[in-house]
Amino acid sequence: MLNPFTSSGDAQQFWVIFQVQSEEEQDAMAATPAHPAGLYALYASFWAGNLVEQIWNFAWPATVALLHPSLLPVAVVSFVAKIGIFAGGPLVGSLMDSFPRVLAFNSLSAVQTAAQLISAGMIIYAHNVSTPAAAVSSTTSLLSQPWFVVLVLAGAVERLTGLASGVAFERDWVVLLAGTNRPIALANANAMLSRVDFLCEIAGASIFGLLLAKFGPVTSLKLAAVLMMCTLPILILLVHLTNKLSKGVLERPRHHGISNESSNASERRIPENLGARGLDAIRCGWVQYKTQPVLPVSLAFVFLYFNVVLSPGGLMTSYLTHRGLNPSIIGAFSGMCAFMGVAATFMSAKLVEKLGLLKAGAAGLIFQALVLGIAVAVYWSGSIAHQKSLIFFLFLVVLSRLGHMSYDIVGGQILQTAVPPSQANLIGTTEISMTSLAELVMLGVAIIAEDVSHFGFLALLSMVAVAGAAWIYCHWMSNPTNESLQLFSFDQHYNSPLSSNEQSVTTDIASKSSSPMM
């Protein structure tokens, strides 16, 4: 074999030419986004679309709850929406991977806005045609009303398109704009998207809560509909600006190793048989989801979605409405939950710095499980009938969101690290299908136990699900595989195959063995 270095001087010259960057230079590059201008435009796009979505997420259950004294209408709308997401999630993800990113996103945004407007129109019609007392004469008559059927279908379409748009932003676009090989920039971008999301949730719940308390449901829904129509063209313009400022990076083919021509042709190809395409997408989605290297991380995330009542959502909003709380207080509760999410974006960074990426996820899950355990104990103590105890119960639910959102941020970065970009949309939407299945099960239970007096039973089930999520994650983290060790070799708190107890025992044995020789 020939020696490429004829002398030690040649070898030294070789290593001088190919010297690596210093640690400071590597850190600086890791913290610098690949397309900073495009990333700022992405934040603006996310803000515009998410504000309207969060307003609507609070508006529809609050106004529907005024039509019926039980949890049933809100539970039915949510139940059917979860069925739609579970069945259609992989298909939508596959279609998103088959069409250009910008075209797919703009189409989803237009469909989502149309579904929101139709839903708002149906609720306005229900409030106008009859008084709430007449509308609730019979549960069966309410569910069979044409306006309610249209509301259910439009709600399913709105949720499916909204979640698919979120996957595009959070699992695909942000990775391209921040840079796949720039972990600090990607972490900062994820944190910023989370802050925008939570701030929009605060603003959305607060704005509509105040409107509802001042103007009533009909006028408030009309104002929300005007905002939806005005926001859509702004969102489309911001998306095109994002692509322009990032020098067309959103037009980059998803699958490496194929030519641009074949990639563009495949992206524009419309499936001949949508039914066969849907079944194939569902099959491929489940296969890829089950074989991803960090499946337990995703399963823990899915288990959190069994918590449908100890969180700011439709059932909690409906329950608090029936308890007679002022809409502004209910809006403040949702806003405080979102504020905890903003705090979590800062706290999660500190946790990752102190504990490492994976242990930070465990800390968030364990904290949420413990706080919700206390909240359920307060509820079952019987003192929840007093307003002070109810406020303390809500405070604990708000506090638990700190752990939930911390895991949401950390878990998202774990999945971004482990899932290939070519599978991001399909696996992301399949994960959404799994979360919808979890919510579907709990909403089915809520429909059976429709009376408000059964809320405590639903709260207990939700708390057990969160504890199960913490167990799944901690069990996976404490039993690392060679693949996970390789994927997260950058995590200094995890990249040792020995557990902390084993390391301490090894250290003690080594010190005792060396002491006689000193």
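These legends accompany close-up views of a predicted model.

**Figure 1. Overview of the helical protein.** The predicted model contains 21 helices and 0 strands. The chain has 518 residues, and 50% of these count as buried. Taking contacts between residues at least 6 apart in sequence, 85% link residues that are at least 24 apart. The exposed surface of the protein comes to about 23800 Å², with 66% of that area supplied by carbon and sulfur atoms.

**Figure 2. The second largest cavity and its lining.** The structure has 3 cavities of 30 Å³ or more. Rolling a probe the size of a water molecule over the atoms shows where empty space is left. The second largest cavity encloses about 50 Å³. Its lining is made up of 12 residues, of which M96, R101, A104, A168 and W173 are the closest to the centre. Two or more lining residues come from each of α5 (101-129) and α8 (146-178). Helix α8 gives the largest share, 5 residues. By type, the lining of this cavity consists of 7 nonpolar, 2 polar and 3 charged residues.

**Figure 3. Surroundings of E53 in helix α3.** E53 belongs to helix α3, which spans residues 36-65. This glutamate counts as buried because its relative accessibility is 13%, below the 20% limit. The side chain of E53 forms a polar contact of 3.2 Å with the side chain of Q112. With residues up to four places away in sequence left out, E53 touches Q112, Q116, E158, R159 and G162. Q112 thus appears both as the polar partner of E53 and in the list of residues that E53 touches.

**Figure 4. Polar contacts of T345 in helix α15.** T345 sits in helix α15, residues 327-355. The relative accessible area of T345 is 1%, so this threonine is buried. Two views of its side chain are of interest. In one, the side chain of T345 makes a polar contact of 2.9 Å with the side chain of R195. In the other, a polar atom of the T345 side chain lies 2.5 Å from the backbone oxygen of V342. Apart from neighbours within four places in sequence, T345 is in contact with A191, S194, R195, F198 and I409. R195 is therefore one of the residues in contact with T345, and its side chain is joined to that of T345 by the polar contact.

**Figure 5. Packing around V410 in helix α17.** V410 lies in helix α17, which covers residues 387-418. At a relative accessibility of 3%, V410 counts as buried. V352 is 58 residues away from V410 in sequence, while their C-alpha atoms are 8.2 Å apart in space. V352 is also among the residues that V410 touches, together with S348, L357, A360 and G361, when residues up to four places away in sequence are not counted.

**Figure 6. Backbone at K247 in the loop between α10 and α11.** K247 is placed in the loop that joins α10 (217-245) and α11 (260-268). Most residues other than glycine have a negative phi. K247 is not a glycine, yet its phi is positive, at about 60 degrees. The relative accessible area of K247 is 76%, so this lysine is exposed.

How values were computed:
Residues numbered from 1 in each chain as written. Predicted model: local features only at pLDDT ≥ 70, side-chain atom pairs only at ≥ 80, totals over all residues. Heavy atoms only, no water. Helix = DSSP H or I, 4+ residues; strand = E, 2+ residues; numbered from the N terminus. Buried < 20%, exposed > 50% of the residue type's maximum accessible area, 1.4 Å probe, protein only. Contact = heavy atoms within 4.5 Å. Areas by Shrake-Rupley, 256 points an atom, 1.4 Å probe, with all protein chains shown as cover. 1 Å grid on protein atoms, 1.4 Å probe; cavity = no way out; pocket = protein on both sides within 12 Å on 5 of 7 lines; lining within 4 Å. Points joined across faces, edges and corners; volume = space filled by probe spheres on them. Nonpolar A, V, L, I, M, F, W, Y, C, P; charged D, E, K, R; others polar. Polar contact = N/O pair within 3.5 Å; in protein donor to acceptor, adjacent residues only side chain to side chain.
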